[in-house]
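User: I'd like to go through this one with you, starting from the overall make-up and then the sheet. Can you bring it up?

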Amino acid sequence: GERRERPVTRRSRRAGGAHGPGARSARARSARGPAEPGVRGPGRPGSRHAQQSPSPEAPAAPAREERAFDDSMVLYGRNAVHEALRGAREVQHIWATRHAVEEPWLAAVAMDASAVDVNVVADGSWIERRAGSPDHQGVCAQVGPFRYAYVDELLKVKRPLIVALDEIQDPQNLGAIARTAECAGATGIVIPARRSADVTPAVCKASAGAVEHIPIARARNLADFLRDAKETGAWIYGAEGEGGVPYTGVDYAGAGVVLVMGSEGRGLRPRVAANCDGLVALPLRGRIESLNVSAAASALLYEIVRQRDAAA
């Protein structure tokens, strides 16, 4: 059954017991094992329990069941939920307001007895609490965990077009880049395993559900991934605001391409930039000194698509 917490007592605080700073769990105490017969165990001096040996007839302790962690998430927003239904992710439950359930795609799901259950709620305040965001558009869904792709799978594609993101930490930027990359027909996206935004419900909403269709892989080390991509014959181009060649002066049509975008405000890290075959830049002819990383990725991706279409 459930283990119930004992109330904090003066003794437990003073002795560092179950609620004190020096608490030791029952698992830690049992890890010492029973003392051998005739040998005093590591208990208090003169402890009666330290001199006793376990009874041979005592039954073995039952094996502790492995705890199952719920790694599902709650998506919100009409496009995010709609694309989750169209993608490979498991959709477990849907909640929608009376107005949102009139959407044709959602009404079809609600009328299908074999589909996911659609629960109609009175107003959007409940959905806002369930989703944790006011940007729910009247619908949210509990779905299974996001499944990341493998880096090797992306590199096996002939003449791939991969977007590598160097520590992009803003979920809105990651979602916007995923949306553009999916629309442009990119092979996939590679993000670092650390110091980078993960695929969260906010990213799913910002991508308009594009993350359900484009593979996203996590690399332990982005510089090592770029070296592996070079070995497959791909060319690596990093986006650089200053010092890069004009983005239209590079041939993207001949082989596989990895487009590397730097983080917000800092750009490419030196080791990542050193592993690029070239650095490309977009012209800035206004008074603003830089483009948003998602806007820059859009311009560069569609120049690559334009050249490839022209060559084909």
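Analyst: Helices (H or I, at least four residues) and strands (E, at least two) are DSSP runs, numbered from the N terminus. This is a predicted model, where local features need pLDDT of at least 70, side-chain atom pairs count only at pLDDT 80 or more, and totals for chains, interfaces and linings use all residues. Residues are numbered from 1 along each chain as its sequence is written, and side-chain values use heavy atoms, leaving out hydrogens and water.

User: How many helices and strands does the chain have?

Analyst: Buried means under 20% relative accessible area, exposed over 50%, partly exposed in between (1.4 Å probe, protein chains only). By that cut-off, 41% of the 312 residues in the chain are buried. As for secondary structure, the chain comes to eleven helices and eleven strands.

User: Which strands stand at the edges of the open sheet, and why is one side of each left without a neighbour?

Analyst: Two strands pair if DSSP finds at least two bridges between them. The four strands run in the order E1-E4-E2-E3, with mixed pairing. Each edge strand has a single partner, so one side has no neighbour in the sheet; these are E1 (73-76) and E3 (118-121).

User: Which residue in E4 does Tyr 76 stand opposite?

Analyst: E1 and E4 (residues 139-143) run antiparallel, joined by four bridges. Across from Tyr 76, E4 places Cys 140.

User: At what angle does helix H5 run to E2?

Analyst: Axes are lines fitted to C-alpha atoms, for helices over the stretch in contact (heavy atoms within 4.5 Å). Angles run from 0 to 180 degrees between N-to-C directions. H5 (residues 124-131) lies across E1, E2 (91-97), E3 and E4, and its angle to E2 is about 145°.
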